[in-house]
Amino acid sequence: MKYIAAIYARFSADDDAKEDGISRSITNQIKYLTKHLQDNNIALYETYYDHQQTGTNMNRPGLQLMFKDMEKGLFNTIIVKDLSRFSRNYIEAGQYLEQVFPSQNIRFISVNDNYDSINGEEDSLVFRNYFNTLYSKDIQKKIHRSFKDRVDKKYLVSTPIYGYIKDKDKNIIIDEDAAKIVRYIFDSYIDGKTILQIARSLENQKVYNASAHKHYDLRMKISPLFLKRIEENPYHWDTTVVKRMLQNYEYCGHAKNLTWSKNPKTSKETNIIVKNTHPAIISEETFNKIPKSLDKNSKERTYQNYFPRMIKCAIHKNSLTFRKISGNIGYAYRCDECKGVAKYIKLNDLIELLYQDSINLIQEIILDKDKVLKHLTSRIAINNDYSKLQATLDKENNKVKVLFENMISNKISKEEYNVTLQIHKQNINELTKKLDELRYQKIDLELLKQNYETFITNLNIEDIFNLDKVQLIKKIIKNVFIDFGKKPLKITIKYIFDN
């Protein structure tokens with residue numbers, strides 16, 4: 001049996017060595033595993049990896065992409081450096097090793113564990129993974145206990161939040177200029193303004209955002225990444241920043257010293273509240289007027305038309321309409337020209353799809369930018385297909401013209417003309433449909449190469465990973481064409497560097 005392998009590597013959050021935006025840990029893992037495959041005469045299909053991702057859950061972009069390709073049958077072997085790179089979750093790892101991989105006829109190799117599933121050693125490997133899980137949980141408990149011992153006694157803060165500064169004795173005091181903005185944000189929201197309206201109002205009033213205020217007014221050092229942003233627009237207020245301020249209990253003069261869990265319900269139980277650690281900017285009464293969950297009560301919620309004129313119908317070429325669909329569907333993009341059955345795609349589904357595609361593209365570029373360009377330029381064959389189809393269509397139209405002239409000159413009968421005409425019309429319709437499908441895939445090869453190289457040159461990995469989902473999508477994707485006539489929907493994505 002011929003084995004075709006997928007390499008999987010994971011960058012641990014504990015690793016701090018980096019090389020060109022990728023951890024040396026990942027680079028070394030890939031080289032190490034590639035050599036192992038070569039030594040054992042196993043072909044390599046693709047390399048997948050996750051950057052700064054924990055091994056305690058399986059919800060990692062690179063890993064999920066590998067699983068999708070596995071389900072398509074693109075490879076039959078998975079190789080990792082050691083089991084902890086694949087997973088530190090005992091239960092999930094066991095399910096994959098004992099159920100999922102065997103059902104998919106996947107051979108699993110963990111090199112450092114000296115494990116190969118074709119040798120039937122699942123029990124020992126799962127047992128070792130159990131200790132990895134215990135180790136991960138033990139480290140978390142020790143860190144948690146260390147923090148808790150400290151936060152029970154004092155307010156832990158290195159840099160005060162926006163609205164506060166430290167005096168010469170390192171006591172936290174109110175920064176009056178910023179405090180006015182904090183009060184304005186709270187008052188505006190209580191008066192009925194949405195988070196987006198508040199953010200735009202501050203921008204229109206040319207109020208420095210938090211980073212710009214820190215840099216220009218307080219003369220404090222900030223990271224080069226934020227410095228670049230504020231130099232471009234020091235008045236831009238991100239809605240997520242405004243929302244976070246409205247939910248920050250510290251503006252009441254109290255400290256929430258520990259939020260250990262990402263789960264909101266659990267985090268309430270693990271918060272250590274230290275009362276009256278610094279002067280209050282907002283009263284308790286004012287703070288309590290803000291809804292506990294802004295997502296459910298904010299007027300604009302997350303339902304904004306984030307992509308005006310970007311999402312188009314592949315059939316009618318029009319921009320899709322953004323609207324609320326009746327029932328429990330919620331907000332979606334739909335085509336008003338497509339008749340019959342409702343033609344729409346949910347906003348949240350579209351965001352997740354485009355975000356995952358953007359992340360996958362960035363990961364592929366990081367691993368091998370030339371390989372990505374080769375894949376993109378391979379579409380040049382589409383130009384040739386398009387030209388051939390257009391030439392064939394021109395011939396068919398010319399045949400119709402000649403056919404009509406022959407009928408007029410009595411070279412053929414009217415009955416013969418009608419029969420032959422129907423054949424040509426059918427050919428013309430089919431050719432027109434195929435051309436229409438290829439029209440949005442046509443590319444100029446040289447322009448594509450030039451745009452791609454410019455994109456790579458300007459690509460900042462740190463900046464990419466600090467963007468939210470919508471920001472990342474807009475930075476990577478130019479247009480999205482949705483064919484509602486296909487089941488499932490056919491979605492064609494054009495990137496920023498596509499012409």
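A residue counts as buried under 20% relative accessible area, as exposed over 50%, and as partly exposed in between. Keep that cut-off at hand for the exercises below, which all use a predicted model.

**Exercise 1. Classify Val 100 by its accessibility, and find what it touches.**

Solution.
- Step 1: Val 100 sits in helix H4, which spans residues 90-103.
- Step 2: The relative accessible area of Val 100 is 25%, so Val 100 is partly exposed.
- Step 3: Setting aside residues up to four places away in sequence, Val 100 touches Met 70 and Gln 95.
- Step 4: Follow Met 70 back to its helix: Met 70 is one of the buried residues of H2.

**Exercise 2. Describe how H2 packs against H14, from geometry to residue chemistry.**

Solution.
- Step 1: Begin with the general recipe: two packed helices are described by the angle between their axes and the distance between the axes.
- Step 2: Here helix H2 (residues 61-71) meets helix H14 (residues 347-377) at an angle of about 100°, and their axes are 10 Å apart.
- Step 3: Angles of 65 to 115 degrees count as roughly perpendicular, and H2 and H14 are therefore roughly perpendicular to each other.
- Step 4: Now list the partners. H2 contributes Pro 61, Gly 62 and Leu 65, while H14 contributes Gln 356, Ile 359, Asn 360 and Gln 363.
- Step 5: Sorted by type, the residues of this contact between H2 and H14 are three nonpolar, four polar and no charged.
- Step 6: Check the burial within H2: Gly 62, Leu 63, Leu 65, Met 66, Phe 67, Asp 69 and Met 70 are buried.
- Step 7: Finish just beyond the helix, where H2 is followed by Gly 73 with a positive phi, near 80°.

**Exercise 3. Do the same for H6 and H10, then say how the contact residues divide by type.**

Solution.
- Step 1: The axes of helix H6 (residues 176-190) and helix H10 (residues 239-246) cross at roughly 85° and come within 10 Å.
- Step 2: That crossing makes H6 roughly perpendicular to H10.
- Step 3: On the H6 side the contact residues are Val 182, Ile 185, Phe 186 and Tyr 189; on the H10 side they are Val 242, Met 245 and Leu 246.
- Step 4: The contact of H6 with H10 divides into seven nonpolar, no polar and no charged residues.

**Exercise 4. Place Ala 199 in its surroundings.**

Solution.
- Step 1: Ala 199 belongs to helix H7, residues 195-204.
- Step 2: With a relative accessible area of 0%, Ala 199 is buried.
- Step 3: Apart from neighbours within four places in sequence, Ala 199 is in contact with Trp 237, Thr 239 and Val 242.
- Step 4: For a distance, take Asn 209: Ala 199 and Asn 209 are ten residues apart in sequence and 9.6 Å apart in space, C-alpha to C-alpha.

**Exercise 5. Map the largest nonpolar core and find which element gives the most to it.**

Solution.
- Step 1: A general expectation helps: in soluble globular proteins, nonpolar side chains tend to be buried together.
- Step 2: The largest nonpolar core has 47 residues, and Phe 307, Ile 311, Tyr 333, Ile 476 and Ile 477 touch the most other members.
- Step 3: Among the elements that each supply at least two residues of this core are helix H1 (24-39), helix H17 (445-458), helix H19 (469-476) and strand S16 (477-483).
- Step 4: H14 gives the most to this core, with twelve residues.
- Step 5: Zoom in on Ile 476. Not counting residues up to four places away in sequence, Ile 476 touches Ser 358, Leu 361, Ile 362, Phe 455, Ile 464, Tyr 495 and Ile 496.
- Step 6: A second, separate core of 27 residues includes Val 182, Ile 198, Leu 202 and Ile 290.

**Exercise 6. Which residues other than glycine have a positive phi near 65°, and are they buried or exposed? Treat Lys 170 and Asn 410.**

Solution.
- Step 1: Lys 170 has a positive phi near 65° and is found in the loop between strand S8 (164-166) and strand S9 (172-174).
- Step 2: Its relative accessibility is 65%, so Lys 170 counts as exposed.
- Step 3: Asn 410, with a positive phi of about 65°, is found in the loop between helix H15 (380-408) and helix H16 (414-439).
- Step 4: Asn 410 is exposed as well, with a relative accessible area of 67%.

**Exercise 7. Summarise the chain as a whole.**

Solution.
- Step 1: The secondary structure comes to 19 helices and 17 strands.
- Step 2: Of the 499 residues in the chain, 41% are buried.
- Step 3: The chain exposes about 28800 Å², of which carbon and sulfur atoms supply 48%.
- Step 4: Among contacts with a separation of 6 or more, 65% are between residues 24 or more positions apart.

How values were computed: Residues are numbered from 1 along each chain as its sequence is written. This is a predicted model: local features need pLDDT of at least 70, side-chain atom pairs count only at pLDDT 80 or more; totals for chains, interfaces and linings use all residues. Side-chain values use heavy atoms; hydrogens and water are left out. Axes are lines fitted to C-alpha atoms, for helices over the stretch in contact, and angles run from 0 to 180 degrees between N-to-C directions. Helices (H or I, at least four residues) and strands (E, at least two) are DSSP runs, numbered from the N terminus. Angles under 35 degrees count as roughly parallel, over 145 as roughly antiparallel, 65 to 115 as roughly perpendicular and the rest as oblique. Contact means heavy atoms within 4.5 Å. Ala, Val, Leu, Ile, Met, Phe, Trp, Tyr, Cys and Pro count as nonpolar, Asp, Glu, Lys and Arg as charged, and the others, Gly among them, as polar. A nonpolar core is a set of buried Ala, Val, Leu, Ile, Met, Phe, Trp, Tyr and Cys residues joined through side-chain atoms within 4.5 Å. Buried means under 20% relative accessible area, exposed over 50%, partly exposed in between (1.4 Å probe, protein chains only). Accessible areas come from the Shrake-Rupley method with a 1.4 Å probe; for residues, only the protein chains shown count as cover.
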